[in-house]
Every structure is written in C-alpha cells, then in structure tokens.
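Biologist: Please take a close look at one part of this model, the inner strands, and then work outward from there. I would like one connected account that a first-year student can follow.

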Amino acid sequence: MTGILAKNRAEIKDPEMRAVYASTLERMIQDGKKIVALDADLMRAIGTYGLLNKYPDHFFDCGIAEANMVGVAAGLSTEGFVPFVHTFGCFSARRALDQIFMSCAYAKQNVKILGSDPGVVAALNGGTHTPNEDIAALRAIPEMTIVDICDTVMASKLLPQIADTYGTFFIRYPRTSIPRVYDESMEFELGKSVQLREGKDLTIIASGIEVSEALDAAEMLSQEGIEARVIDMFTIKPLDTAAVEAAARETGAIVTAENHNMHGGLGSAVAEYLVEHCLVPMERVANMDRFGDVGSLRYLMDEYELSAKFIAAKAKQVLSRKA
C-alpha cells in the first residue's frame with residue numbers, strides 16, 4: 001500500500017538488526033532518557049559492546065547469569081531507570097521465566113526484555129538455541145506486552161515507543177540482516193496492526209520474519225486470481241482484535257503465519273478470539289511442534305514449511321474450506 005511498503009524492498013540492503021538496536025539505544029541515551037542496557041555476555045552478539053566504554057553508566061554485562069540479570073533490571077526499574085535486557089530468546093523464555101514473572105510483571109516493573117534470534121532465525125546455533133516457545137510461555141503472564149519486530153524501520157520506530165511505555169515487554173528480535181518491509185516514513189502504534197495489502201478472498205495475518213513471506217505469498221496468489229489481505233500483527237499481546245474480526249467478517253477466511261511453535265503463539269491468539277467472536281475457516285503456518293535444527297535461515301524456512309510457498313498453499317486450503 002502506498003506510503004507503507006518500501007519500494008523495491010527485495011533490493012534494499014539494510015544494516016543488521018543488531019546495529020539498529022545499538023544505534024537506537026545510543027540515540028535514546030543522547031536524548032536524555034534513563035536507558036540502561038543489560039546483557040548476559042552477548043554484547044558482541046547484539047552489537048552493544050562498542051558502547052560499553054562510551055557510556056559506562058548505561059551498559060552492563062551481567063555475565064552468563066540470565067535470571068540474575070533480570071532481577072538486576074527489576075531493581076534498576078524501581079530506581080526510575082528504563083532497563084533493556086538482552087539475551088538469546090531461548091534463555092529469556094526458559095532460563096529467566098520465573099524472574100520475568102515475579103520480579104518484573106508481578107511487581108509491575110518497567111523492564112524491556114529483548115529475546116534475540118527467535119525460531120529459525122537461530123539458524124546455525126541449532127536446536128538448543130531455537131526459541132519456538134517464547135511467546136507461548138510469556139503470553140500467559142498477565143500484563144505482558146509481546147512484540148515481534150519484522151524489520152529495521154520497525155525496530156528504530158518501536159524501540160523508543162516501548163521505552164516510553166511503562167510496563168514489562170518482551171521483544172522478539174533477529175540480530176542479523178532480514179528483508180525490509182516498510183518505507184522509512186512509516187510510523188507504528190503499539191497494539192495496532194498494520195494492513196500491508198488489500199484483499200477480498202482471505203486474510204494472511206503474520207508477524208516477525210513471516211511478514212515478508214506473507215507479502216511474497218500474496219503476490220503468488222494474485223497471479224492465480226486470488227487476492228489476499230496481509231496484516232502485520234506485530235503486537236502479539238495485546239492482540240489487535242478489531243483488525244482480526246474485521247478481516248474475518250470481510251474476507252471470510254484466515255491464515256496465520258508465525259516463526260514460532262503452533263501452540264500458544266500468534267495462531268493460537270487469533271484462533272482463541274475467532275472461536276468466541278467470529279468463527280471462520282482458519283489455517284496456520286508455524287513450527288508444527290518440532291524441536292529446532294541446524295542450518296541456514298533459508299534452509300530452515302523451507303524445512304519447517306514457513307516460507308512463502310507454504311503460506312500460499314495454506315491459503316488455497318483455507319479457501320477450499322470457505323467454499
């Protein structure tokens with residue numbers, strides 16, 4: 001749609017996502033925000049190591065002690081700081097889960113947790129480092145906000161908004177280069193999805209790296225005369241239920257696409273709402289309850305049936321049910 005999608009997005013060579021994270025933190029610090037960034041011995045991995053000596057009062061390496069790091073962040077929050085906490089998504093969702101619940105969410109602290117390399121983005125790090133359960137685990141915690149960032153434009157615009165919004169956040173965040181989706185002028189509102197493409201036959205609701213794949217799938221379908229609406233549901237919790245219901249009523253069929261286990265993520269959230277408010281045929285593209293594996297991102301996208309061709313196939317499947 002005009003003014004939203006980046007032109008020639010397949011040809012854009014963005015900086016790595018971690019570079020945008022580091023530069024955005026630095027910009028917020030320079031703007032006078034009380035930002036502190038904590039890491040679990042992964043500052044080189046997330047791109048903040050170069051800022052450690054430059055801003056020694058704002059950057060802290062807590063070592064490989066993720067649970068303790070979250071507790072430290074909660075303490076800093078009580079003193080009025082805005083802590084951004086980073087570790088790989090597998091460690092934040094599993095190893096520090098109790099501290100996120102007790103010290104952050106339950107205690108109503110202002111902590112922003114960055115879980116990097118979600119799902120297949122873990123790539124060569126392998127199955128032990130592949131977080132496919134992070135949304136499911138954290139979505140069950142009351143008052144959590146969960147965001148799945150899809151490109152560098154969204155990262156640079158949303159991170160300051162998250163810093164300015166009180167509460168405990170979980171941010172799914174790829175570290176390296178991923179496809180560009182948005183024009184640089186795009187603005188976002190937490191809790192509100194973005195409709196990227198119009199369509200009357202069905203709606204594809206995607207998040208994270210699946211947004212670009214959903215757009216590619218919609219192009220494939222268009223060549224066969226099928227017009228798919230595409231929605232970027234970047235805020236998983238709270239879900240933009242108004243957009244979900246409008247899509248269901250106006251297009252009559254839904255496909256969700258997510259880089260996460262089929263249980264407890266975006267697809268589950270959408271299905272839970274639809275079954276109570278507007279029941280329509282629905283199919284899901286997700287990790288079908290499998291452990292992670294080792295490989296390149298593109299290999300894993302195909303291995304776990306997350307790429308555009310699989311989204312297009314699910315779209316045709318849901319249309320047969322709609323008929």
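Modeller: The largest cavity has a lining made of G119, V120, A123, T130, N132, N287, G292, D293, L300 and Y304. This is a predicted model, and the space in that cavity comes to about 50 Å³. The count of cavities of 30 Å³ or more is two.

Now to the strands, beginning with strand 4, residues 112-116. Five of its five residues are buried, so strand 4 is largely enclosed by the rest of the structure. In a regular strand, side chains alternate between the two faces of the sheet. In strand 4 both faces are covered: K112, L114 and S116 are buried on one side, and I113 and G115 are buried on the other.

Strand 4 has a partner in strand 3, residues 82-88; the two run parallel and are joined by five bridges. Within this pairing, F84 stands opposite K112, and the bridge partner of H86 is L114. Strand 4 also pairs with strand 6, residues 169-173, again in the parallel sense and over five bridges. There, S116 of strand 4 has Y173 of strand 6 as its bridge partner.

Strand 3 can be read in a similar way. Seven of its seven residues are buried, so strand 3 is also largely enclosed by the rest of the structure. Strand 3 pairs with strand 1, residues 35-39, in the parallel sense over five bridges. In that pairing D39 has H86 as its bridge partner. H86 therefore appears twice, since its bridge partner in strand 4 is L114 and it is also the partner of D39.

Strand 6 leads on to the salt bridges. Side chains of opposite charge can pair when their charged atoms come close. The whole structure holds 23 salt bridges. One of them joins the side chains of D134 and R172, with 2.9 Å from N to O. D134 is in helix 6, residues 134-139, while R172 is in strand 6, so the pair links distant parts of the chain, 38 residues apart. Both D134 and R172 are buried.

Another salt bridge is formed by K157 and E187, whose closest N and O atoms are 3.3 Å apart. K157 belongs to helix 7, residues 152-163, and E187 to the loop between strand 6 and strand 7 (194-197), so this pair ties together parts 30 residues apart in sequence. K157 is partly exposed, because its relative accessibility is 22%. E187, at 53%, counts as exposed.

A further salt bridge brings together the side chains of E213 and R298, at 2.9 Å from N to O. It links distant parts of the chain, with E213 in helix 8 (residues 210-222) and R298 in helix 11 (residues 297-303), 85 residues apart. E213 has a relative accessibility of 6% and so counts as buried, whereas R298, at 43%, counts as partly exposed. Elsewhere, D14, R180 and E184 are joined into one network by salt bridges that share partners.

The last stop is on the surface. F101, M102 and Y106 make a nonpolar surface patch of about 330 Å². F101 is in helix 5, residues 97-106. Its relative accessibility is 34%, so F101 counts as partly exposed.

Definitions and conventions. Residues numbered from 1 in each chain as written. Predicted model: local features only at pLDDT ≥ 70, side-chain atom pairs only at ≥ 80, totals over all residues. Heavy atoms only, no water. Patch = residues over 30% accessible without salt bridge, like charges linked within 9 Å, V, L, I, M, F, W, Y side chains within 5 Å. Areas by Shrake-Rupley, 256 points an atom, 1.4 Å probe, with all protein chains shown as cover. Salt bridge = Lys/Arg side-chain N within 4 Å of Asp/Glu carboxyl O. Helix = DSSP H or I, 4+ residues; strand = E, 2+ residues; numbered from the N terminus. Buried < 20%, exposed > 50% of the residue type's maximum accessible area, 1.4 Å probe, protein only. Pairing = 2+ DSSP bridges. 1 Å grid on protein atoms, 1.4 Å probe; cavity = no way out; pocket = protein on both sides within 12 Å on 5 of 7 lines; lining within 4 Å. Points joined across faces, edges and corners; volume = space filled by probe spheres on them.
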